[in-house]
Protein chains: 2
Amino acid sequence: MAKIAICGYGVVGSGVAEVMAENADSIARNAAEQVSVKYILDRRDFPDDPYEDLIVHDFSQIENDPEVSIVVEVMGGVGAAYEFTKRALMAGKSVVTSNKELVAAHGHELIAIAKKKNLNYLFEASVGGGIPIIRPITQCLTANKLDEVYGILNGTTNYILTEMRQNDASFEDALRQDQENGFAEADPTADIDGIDAARKICILSDLCFGKHMNPEDIKAEGIRGVTSADVEYAKRLGCKIKLLGRGLRTGHETATAYVSPHLVSNSSLLSNVDGVMNGIVVHGNALGDTMFYGAGAGKRPTASAVVADVIDAVKHTHARKYLDWDDAPDGYFTDSAYVPSRWYVRANTSLQQIGWAFGKVNFVTYTGAAEDEYAFATEVYDEISLRKLTGGMNLRSLFRILD
Amino acid sequence: MAKIAICGYGVVGSGVAEVMAENADSIARNAAEQVSVKYILDRRDFPDDPYEDLIVHDFSQIENDPEVSIVVEVMGGVGAAYEFTKRALMAGKSVVTSNKELVAAHGHELIAIAKKKNLNYLFEASVGGGIPIIRPITQCLTANKLDEVYGILNGTTNYILTEMRQNDASFEDALRQDQENGFAEADPTADIDGIDAARKICILSDLCFGKHMNPEDIKAEGIRGVTSADVEYAKRLGCKIKLLGRGLRTGHETATAYVSPHLVSNSSLLSNVDGVMNGIVVHGNALGDTMFYGAGAGKRPTASAVVADVIDAVKHTHARKYLDWDDAPDGYFTDSAYVPSRWYVRANTSLQQIGWAFGKVNFVTYTGAAEDEYAFATEVYDEISLRKLTGGMNLRSLFRILD
């Protein structure tokens, strides 16, 4: 019988308790022993909750109970979560988490502690919610040199963009609707501005390329700059606008990552990843492209990934999972502005100026488009060159096209 | 240093040798030790091949060499492959395979032998080529009760259907082209008639539902009955025709599986799985739908999965992977004819007869359609009811619609 403690009884924490109870039989079969929740740590009390009796307010109660072999940290943030994770590991308990902020910022350090103590620090739920992605990268694609990873990593922004396209919703209405559906946070800044996606693409890049990438180093552009006009122009280009996180090797010992809206062709798989769903593409030198799709957030999908990690931790009490990356050497991280792509440009400028800058381009328009602007798709440029060429234009939107 | 033997030096076997050499450094890092090929078993000689010196013709040389800890069986078939797998396991060597025919037919028995000998029998490459699917199901979705699995499991038929739709190719031309590209077998019967997909959906059902399903029990309908007319009608219904394998629980202790062409809506992810690519959807009660996409066949993608299993076997020399299913109890397997769905019907019949049978239906036509037939989509029926309703009609095509 394995006993676990859940730290944080919010959406994910209650999902973990729910899935543990509902699927107890199959979980026991998969873990080869019974797994039960002994404590739930939260500041609040939960009178009349089915797990009311398990609630504790002091982490040391968990820390000092030798019966607890696994701590599930689903509190979020890098304050108490960071402290409790270290204390749990030092006390000889494996830790399972969905906390992307903590993994992206301190994952390397926490894995090192786990390693030293011969424990596991597992974080499948930190990227892509319930989608299996961390384990496939670290266990199934091991025969490959991985050179690129990208995808739709944030459900809230994908929901907003989908609503803008399918139902002509405004950005504000779509966001409000997502909040009402219980997906978007009350303060959606981390989602809308690409910060959440930046943390996730850093974790994916860490695992794919083997070196630590700092979320604070990478350029993260969210979706505040995406207008209904952009959505319409994109349709005429046979594309949908999607917020992508993207990490890629840029040389033998260099890599970069960034987050920004992209025009994605309707014929690509990612274009049908709609609503709150996530989709992640990994490219390896033997396999080519592979994609993973599913619910990137939400109570039960995220709990699905957390509980799978709990089962793995139970099965590997005395065998560490290989899951690690190194510190990045100086010069490892390069500026994403040097990554070439085609571009979608919307600008208040003249045909003459566009001609001078780009020669022939692929113009698009639609009924009702503003009369004082042009929209077009360019050939392949890096961002530095593109900014020079568009220097004299009054730019309204500038997004990469994913080919 | 781990030493392996490759049995079968065909497309996959040579891919394994190639990837092992090309990615030797990263493989050693992932396996935490060097991994090298000591023997390659084949009936033929390969003068001037870079691995000429490793070729052997007698399996007992491998069997009796205690240095070889892992045997890679990529011969195919259930004759020598079956015998060598058993002998390798009895000799204390783990076995890695891409042989879906063998796994579907005798996987349960071979896993049991491996279990008894505390060895691994791994077969990630047997389904979906390079796509990580076996390990995600058995390790990442363990918190879920899985109730359905379906997908595009055969690259050759998907290539043919894609060519028929995109380039108005005939079935015969598309098949010939796929053979010229090196994908389709010289004798494509197992692909075209759904036998290959049947083996794969059985393996997936075995793992998802935990009980053995016999490929010989399930209905497998291939794509010989799909015509250009069907492709055109499907377009007008907003769909593409895809050959799907599908397994689902049909009750508390019952399940079914089948292979047949389906009309798949353009808005679904599977509809953009084109050419030789595969896509597999798994539904779990906590996670909902998740999809896995990638190259389902081919030398290097399949080798990618085989070598990942080799790495896993090296890392788990003394720890068995949990990967198993039970014999099915009597009555476990139910007839797929009872599975309800909407249907696409093409028939030489009268409007009156269609009206009598179905009431209102959704008719489609296109310029150039045959004048002596009607095509339409029905409401939801199981196949038994549907066959009764269409009993008086001269049926030309009858495919399920995936909703």
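A residue counts as buried here if 20 or more other C-beta atoms lie within 10 Å of its own, and as exposed if 12 or fewer do. Keep that cut-off in mind, and keep in mind too that this is a predicted model.

Let's start with a helix where the definition does some work. In α8 of chain B, residues 171-180, the buried residues are A174(B), L175(B) and D178(B). Looking down the axis of α8(B), you find these buried residues within an arc of 100°, so they line one face of the helix. That fits a familiar bit of helix geometry: an α-helix has 3.6 residues a turn, so residues three or four places apart point the same way. What do the buried residues of α8(B) pack against? Their partner is α7 of chain B, residues 155-166. Turn to the face of α8(B) that points away from the buried side, and you meet the exposed residues E172(B) and E180(B). Just after α8(B) ends, G182(B) takes a positive phi of about 85°.

Staying in chain B, have a look at the strands. Of the 13 residues of β9(B), which spans 239-251, 10 are buried, so the strand is largely enclosed by the rest of the structure. On one pairing, β9(B) runs antiparallel to β7(B), residues 146-152, over four bridges, and there V149(B) has G247(B) as its bridge partner. β9(B) also pairs with β10(B), residues 254-265, again in the antiparallel sense and over 12 bridges. Within that pairing, L248(B) stands opposite T256(B). The link from β9(B) to β10(B) is a hairpin of two residues.

Strand β4(B), residues 68-73, is another enclosed one: six of its six residues are buried, so the rest of the structure largely surrounds it. Its pairings are parallel ones, with five bridges to β1(B), residues 2-7, and four to β5(B), residues 94-97. I70(B) is a handy residue to click on, since it stands opposite I4(B) in the pairing with β1(B) and opposite S94(B) in the pairing with β5(B).

Now hop over to chain A for the wider sheet. Six strands of chain A form an open, parallel sheet in the order β3-β2-β1-β4-β5-β6. Its edge strands are β3(A), residues 55-56, and β6(A), residues 121-122, each of which pairs on one side only. At the β3(A) end, the neighbour is β2(A), residues 35-41, which pairs with β3(A) in the parallel sense over two bridges. There L41(A) stands opposite V56(A).

Zooming out to domains, chain A is assigned domain 1 (2-130 + 299-315), domain 2 (134-294) and domain 3 (340-402). The centres of domain 1 and domain 2 of chain A, taken over C-alpha atoms, are separated by 27 Å. Where these two domains touch, 15 residues of domain 1 are in contact with 15 residues of domain 2. On the domain 1 side, α5(A), residues 100-116, gives the most, with seven residues. The residues of that side divide into six nonpolar, six polar and three charged.

Finally, how do the two chains go together? A turn of 180° and a shift of 0.0 Å along the axis lay chain A on chain B with an RMSD of 0.0 Å. That is the relation of a two-fold axis. Which C-alpha of chain A is nearest the axis? The C-alpha is that of F292(A), 2.5 Å from the axis. F292(A) turns up again in the strand pairing between the chains, where its bridge partner in β12(B) is F292(B). The strands concerned are β12(A) and β12(B), residues 288-295 in chain B, which pair in the antiparallel sense over five bridges.

The contact between the chains goes beyond those strands, taking 43 residues from chain A and 43 residues from chain B. The elements of chain A that give two or more residues to this contact are α2 (24-31), α6 (134-140), β12 (288-295) and α12 (299-315). Among these, α12(A) gives the most, with nine residues. By type, the chain A side divides into 22 nonpolar, 14 polar and seven charged residues. And 100% of the interface residues of chain A are also interface residues in chain B, so the copies meet through the same surface.

Conventions
Residues numbered from 1 in each chain as written. Chains lettered and ligands numbered in written order. Predicted model: local features only at pLDDT ≥ 70, side-chain atom pairs only at ≥ 80, totals over all residues. Contact = placed C-beta atoms within 7 Å. Nonpolar A, V, L, I, M, F, W, Y, C, P; charged D, E, K, R; others polar. Pairing = 2+ DSSP bridges. Arc of directions from axis to C-beta. Least-squares fit on C-alpha atoms with pLDDT ≥ 70 in both. Domains from an automatic or database assignment.
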